[in-house]
Structures are given as C-alpha cells and as structure tokens.
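Reader: I'm in my first year and still learning how to read a protein model. Could you take me closely through one part of this one, the place where a few helices pack against each other, and then show me how it sits in the rest of the chain?

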Amino acid sequence: MLSALYLDGPLSRKELSAATGLSPSAVSQSITGLVQNGLVREAGKADSNGGRPRTLLDINPTFGYTVGVAITGRALRIGLFDLSCRRIQVVKRALSAGVQDIDEVARELGIGIRHLLSLSGVHDSALTGIGIGLPSSASPHQAIPWTSRKLESLLGLGIPVFIEREVNIRALVESRLGAARGVGRAVVVQIGLGVEASLVADGTAKRIRDWGHTTIDYGGRSCHCGARGCVEAYVGASGILERSLELPGREFPTEGNDFERLRTLVGSAEHCADARALVQETAGYIGAAVGNLISLLAPARLVISGWAGQLLGSRFLPEIRDAATRQGREHGLSPAAVLLGRVEVDATLTGAAVLPVLGLIKRGTALPRAVAGL
C-alpha cells in the first residue's frame, strides 16, 4: 500500500484495494494504523460518481526528511528533502582527495548535514536516511572502494545510508516524478559521455548491464572498452564529438567543455549539411539501440535522459522515435511512448533522496530513529 501511495498517490481506499489486491477491510485496518502512526495522511476529497466523496490518502511529506547526495568530480552536493521529494536546502562541500578517500567523504558529508539542519530548522531526529548517487560508469571515479555500511559506521548518525548508480537513480526519479510516472515497467536510458540504461519495474530500478557495449555496427568504430562497433562509440557524447572531428570542410571547436561542444554541433545542424547528417545518423543509432531494448524488455515507456540525450532529443526526438519503433516494432510500442526525461535539473540529487524513502516504505511503520552524534 505504501508503494502504491508513493508511486501513484493520492489514492482512495477503494483504489488502494484494487491496486494491491487486498480486501477493503484489510486496507481500512492498515490505513487506520498508518494514519495514526503519521506516515499516511488524508489528502482531500474526490467525487464518487454521485455517491459520497471519497477520501484520498497520501504519504505524509512531513513525517520525516531525507538527505540526497550527488558526487560530481571533487565535490559533494548535499540536499535536504521532505518525503514528497521537495527540496528544502542544498549545500556543497569540496573533496580535496576525491571520492576515493572515504574518511574525507564522511567528514565533509557530516559537516554538510549539520549545516543543512541548521539552515532549515529541521531536528536531527526527523532524518530517515541518506541516499548517495554514484557517478556513471563512464566517470574516472567509477571504482569507489567503500560501501554504505562502512560509511554508516564512519558517520555515526544512526540512520541508514543507501548507495546507488546514477542511472538507477535517474530511473527511480523518472518513475516517481517524471516521464515514467504511472506505469509499472519502463526503461530509462542515460546518454552523457557514455551511455547506460536501467529497467524500472514496480518502484525498483536495475541497471541493464553493459548495454552501451553491445554491438550496433559489426566491425565498426573502436570503443574505449577494446571492442568495435559498440553502442557507446556511436551514441555517447565522446563518440559523437570524435566523429565530428572527421567531418570535411568544417572545423568544430575542440576547446571548452563537452556540453558546449556538443551543443555547438547540434546547433550547426540547422545550416551545415555535414553536421546535420552526423546528428541525424546519431539519432538513428539511438533509435535502433533503444529499439533493441524495447524488443527485449517490453516496457510501457522508454525515457531518454542525461545531458547529451536531452540535447539530441530536444532537436531530433521524431527521428529517434521513428527508428526506435521500427526497430522494436514486434513489441508494438507507440512512438508517443518514447519520451524525453522530465527531471533533468538536479535529477541525481533528487533521485538520491528517493532511496531513503523507498527504504522507509520497505520498513513500513518504523518511526525515524533519533540521530546520534550531530
């Protein structure tokens, strides 16, 4: 019931019974306890086709608070959220040694949490957990030699720490707040310097291992993994920018960050035939690659996210949809079900804050534990 309320709420008792398969009496009995506990609240009334208005129920956003952490280079971005994933405050802490030094991570995270609580006026006993988004596999920081249990021990806060890959976090936040909300099964593709994908089903996300290193062009371009013709070599921003250097008759910028370089390339498609051909070909590769995922996994929606995915999709989504639905036509997914992600601003930070909420839901009626040592 808590999962249904969190993913699809607010819902009436009747809707909860239909969603969970529980009898109306079992739903009412459990809801009474959850309302008394404070984890569920009444959230208004809804018309009932001529009958008495139905009482709507939802997760109580002020039952507790979560901390979301996004790791970016040599810094931690730390946010305080309520249970509805409303962002309250965000602070940033530098990491002189990077994420490899868990002692420094624990120290800076503890300082950041204390600062957040001070700024927001939230009592430490209201914290329910900490969620941390790991950098994507294309990051040089991918091998992080610490676990949630180790970090919990070093922090000494008495609350659980949840660690998850960035692509899974994006999938969770899109299923909760974005383009995959309201469906039981979706695939979220993250396109940045590299590419990754995650299958989200019933509120749980699982990375589709090495999808970016499946073959899309046998004997094609070399990939950093050592193979040839990988999806990542054609769809990831690094591969796209590398191919742009081979275009005849025009020099694209090699200075500046990758986002600016790719944005320049996509913008040049309006007036440069070579650039247009390259990005249209890339859109076709994206469509074919995600079409394979559609055929294999039969999602109700496929969501394209990540900074490079947004840049390309904002201009070439029709071409991507066409290629995807042709490649995955056996599944019969509608072109309209191939969507751009809707939670791009602070998606990793917000998604990390979702992890403790899911943990709280799994614990059920367990109250937040008092935090020691703050």
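Author: Happy to! Let's start with one pair of helices. A237, I240, L241 and S244 in α8 meet D258, R261, L262 and L265 in α9. Sorted by class, the residues of this contact of α8 with α9 are five nonpolar, one polar and two charged. Please keep in mind that you are looking at a predicted model.

How do these two helices lie relative to each other? The axes of α8 and α9, the latter spanning residues 258-268, come within 10 Å and cross at roughly 55°. The pair is therefore described as oblique. As for handedness, α8 and α9 make a left-handed crossing.

Now stay on α8 and look for its other partner. Helix α8 covers residues 237-244, and it also packs with helix α10, residues 273-297, at an angle of about 150° with the axes 11 Å apart. Angles over 145 degrees count as roughly antiparallel, so α8 and α10 are roughly antiparallel to each other. The crossing of α8 with α10 is right-handed, whereas that of α8 with α9 is left-handed.

Which residues of α8 meet α10? They are I240, R243 and S244, and on the α10 side you will find L278, E281, T282 and Y285. By class, the contact of α8 with α10 has three nonpolar, two polar and two charged residues. Try finding I240 and S244 in your viewer: they appear in the contact with α9, and they appear again in the contact with α10.

From α10 we can step on to another helix. The axes of α10 and helix α11, which runs over residues 307-327, come within 7 Å and cross at roughly 45°. That angle makes α10 oblique to α11. Here the crossing is right-handed. The residues of the contact of α10 with α11 divide into eleven nonpolar, eight polar and one charged.

Next, follow the chain out of α10. A298 is found in the loop between α10 and β12. A298 has a positive phi of about 50°, although it is not a glycine. Why point that out? Most residues other than glycine have a negative phi. A298 is also partly exposed, because its relative accessible area is 35%. A second residue of this kind is D210, in the loop between β11 (204-207) and α7 (231-235). D210 has a positive phi of about 60° and is not a glycine either. With a relative accessible area of 38%, D210 is partly exposed.

After the loop with A298 comes strand β12, residues 301-305, and V303 has its place there. Is V303 buried or exposed? It is buried, with a relative accessible area of 0%. Leaving aside neighbours within four places in sequence, V303 is in contact with E174, A179, A180, V187, V188, V189, L339, L340 and G341. One of these partners makes a nice exercise in thinking about folding in space: V303 and A179 are 124 residues apart in sequence, yet their C-alpha atoms are 6.7 Å apart.

Two more buried residues help fill in the picture. L355 lies in helix α12, residues 347-363, and its relative accessible area of 9% makes it buried. Not counting residues up to four places away in sequence, L355 touches G131, I132, F162, E164, I169 and L172. The C-alpha atoms of L355 and V173 are separated by 9.5 Å, although their positions lie 182 residues apart along the chain. N168 belongs to helix α6, residues 166-177, and counts as buried at 4% relative accessibility. Beyond its neighbours within four places in sequence, N168 is in contact with S198, A205, K206 and R207.

Finally, let's step back to the whole chain. It has twelve helices and 13 strands. Of its 374 residues, 52% are buried. Among contacts with a separation of 6 or more, 61% join residues 24 or more positions apart. The chain exposes about 16800 Å², and carbon and sulfur atoms supply 48% of that area.

Definitions and conventions: Residues numbered from 1 in each chain as written. Predicted model: local features only at pLDDT ≥ 70, side-chain atom pairs only at ≥ 80, totals over all residues. Heavy atoms only, no water. Helix = DSSP H or I, 4+ residues; strand = E, 2+ residues; numbered from the N terminus. Buried < 20%, exposed > 50% of the residue type's maximum accessible area, 1.4 Å probe, protein only. Contact = heavy atoms within 4.5 Å. Areas by Shrake-Rupley, 256 points an atom, 1.4 Å probe, with all protein chains shown as cover. Axes fitted to C-alpha atoms, helices over the stretch in contact; angles between N-to-C directions. Parallel < 35°, antiparallel > 145°, perpendicular 65-115°, else oblique. Left-handed = near helix turned anticlockwise from the far one by under 90°. Nonpolar A, V, L, I, M, F, W, Y, C, P; charged D, E, K, R; others polar.
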